[in-house]
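Here is a walk through one protein model, strand by strand and contact by contact. Have a look at the fold first, then read on.

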Amino acid sequence: MAEVNSRLVRFSAGPMTDPVVGKPSRPMEGATVFRTMTCFEGNGGRASSGIWESTAGKFRSDTTGYIEFCYILEGSCRVVDPDGTVHSLKAGDPFVMPEGYKGHWEVDEFVKKIWFVTLTT
């Protein structure tokens, strides 16, 4: 039976409460640190959303098995497609990384985003 949630889920885009601190699993340059807070999980764990932020660095992205919608809240970055196309992103920019996207991120100082992920496998 499908989950039913009859209440709107709200979360703050301000300072994170008890974020999970980590590092890129595919680093390229720098001593990047991630902070992540999951604010919603649904559809039997197949959908989730939250806040993520990153310090400076360069790291690979691989969305095999999921699709991710992102909205930049603070800072800026570049996401580079496998063919070398550079996407400069700043606060207010939305974008989607389709299933199987294998680009990389370049963060000069700091970037913070809202994310929504849905599993595809």
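Is Glu74 buried, exposed or partly exposed? With a relative accessible area of 37%, Glu74 comes out as partly exposed. Bear in mind that this is a predicted model, and that goes for everything below.

**Salt bridges**

Glu74 is a handy way into the charged pairs, as its side chain meets that of Lys112 in a salt bridge, 3.7 Å from N to O. The two sit in distant parts of the chain, Lys112 in strand E8 and Glu74 in strand E5, 38 residues apart. Unlike its partly exposed partner, Lys112 counts as buried because its relative accessible area is 4%, and the cut-off for buried is under 20%.

A search of the whole structure turns up 9 salt bridges. Here are three of them, including the one just described:

| Pair | Closest N to O distance | Strands | Separation in sequence |
|---|---|---|---|
| Lys112 and Glu74 | 3.7 Å | E8 and E5 | 38 residues |
| Lys58 and Glu29 | 3.8 Å | E4 and E2 | 29 residues |
| Lys58 and Glu106 | 4.0 Å | E4 and E8 | 48 residues |

Lys58 shows up twice, with Glu29 as one partner and Glu106 as another. Glu106 is itself buried, at 18% relative accessibility. Through shared partners, salt bridges tie Glu29, Lys58, Arg78, Glu106 and Asp108 into one network.

**Strand E4 and its partners**

Lys58 belongs to E4, so let's follow that strand, which covers residues 47-60. E4 is mostly covered, with 10 of its 14 residues buried. Which strands pair with it? E8 (residues 104-119) joins E4 through 13 bridges, running antiparallel; within that pairing, Ser48 has Val117 as its bridge partner. E3 is antiparallel to E4 too, over 8 bridges, and here Thr36 stands opposite Trp52. E2 (residues 27-29) adds 2 antiparallel bridges to E4, with Pro27 opposite Phe59.

Ser54, in E4, gives a feel for the covered part of the strand. At 0% relative accessibility, Ser54 counts as buried. Leaving out neighbours within four places in sequence, Ser54 contacts Thr32, Val33, Phe34, Phe59, Val107, Glu109, Phe110 and Val111.

**Two positive phi values**

The E3–E4 hairpin has 4 residues between its strands, and Asn43 takes a positive phi near 55 degrees there. Asn43 is exposed, at 53% relative accessibility. Asp18 also has a positive phi, near 50 degrees, and is located in the segment before strand E1 (20-22). Its relative accessible area of 70% makes Asp18 exposed. Why pick these out? Most residues other than glycine have a negative phi.

**E5, E7 and a nonpolar patch**

Over to E5 (residues 66-80), which pairs with E7 in the antiparallel sense over 4 bridges. Glu68 has Met97 as its bridge partner in E7. How do the side chains of E7 (residues 94-97) alternate? Phe95 and Met97 point to one face and are buried, while Pro94 and Val96 point to the other and are not. That fits the general pattern, as side chains in a regular strand alternate between the two faces of the sheet.

Val96 also takes part in a nonpolar surface patch of about 400 Å², together with Ile67, Phe69, Tyr71 and Phe116. E5 gives the most to this patch, with 3 residues. Ile67, which lies in E5, is partly exposed at 33% relative accessibility; that suffices for the patch because members need over 30%.

**Asp81 in its loop**

The loop between E5 and strand E6 (86-90) holds Asp81. Which residues does Asp81 touch, not counting residues up to four places away in sequence? They are His87, Tyr101 and Gly103. The side chain of Asp81 makes a polar contact of 2.8 Å with that of His87, and another polar contact of 2.8 Å links the side chains of Asp81 and Tyr101. As for Thr120, it is 39 residues from Asp81 in sequence and 21 Å away in space, C-alpha to C-alpha.

Methods:
Residues numbered from 1 in each chain as written. Predicted model: local features only at pLDDT ≥ 70, side-chain atom pairs only at ≥ 80, totals over all residues. Heavy atoms only, no water. Patch = residues over 30% accessible without salt bridge, like charges linked within 9 Å, V, L, I, M, F, W, Y side chains within 5 Å. Areas by Shrake-Rupley, 256 points an atom, 1.4 Å probe, with all protein chains shown as cover. Buried < 20%, exposed > 50% of the residue type's maximum accessible area, 1.4 Å probe, protein only. Contact = heavy atoms within 4.5 Å. Pairing = 2+ DSSP bridges. Polar contact = N/O pair within 3.5 Å; in protein donor to acceptor, adjacent residues only side chain to side chain.
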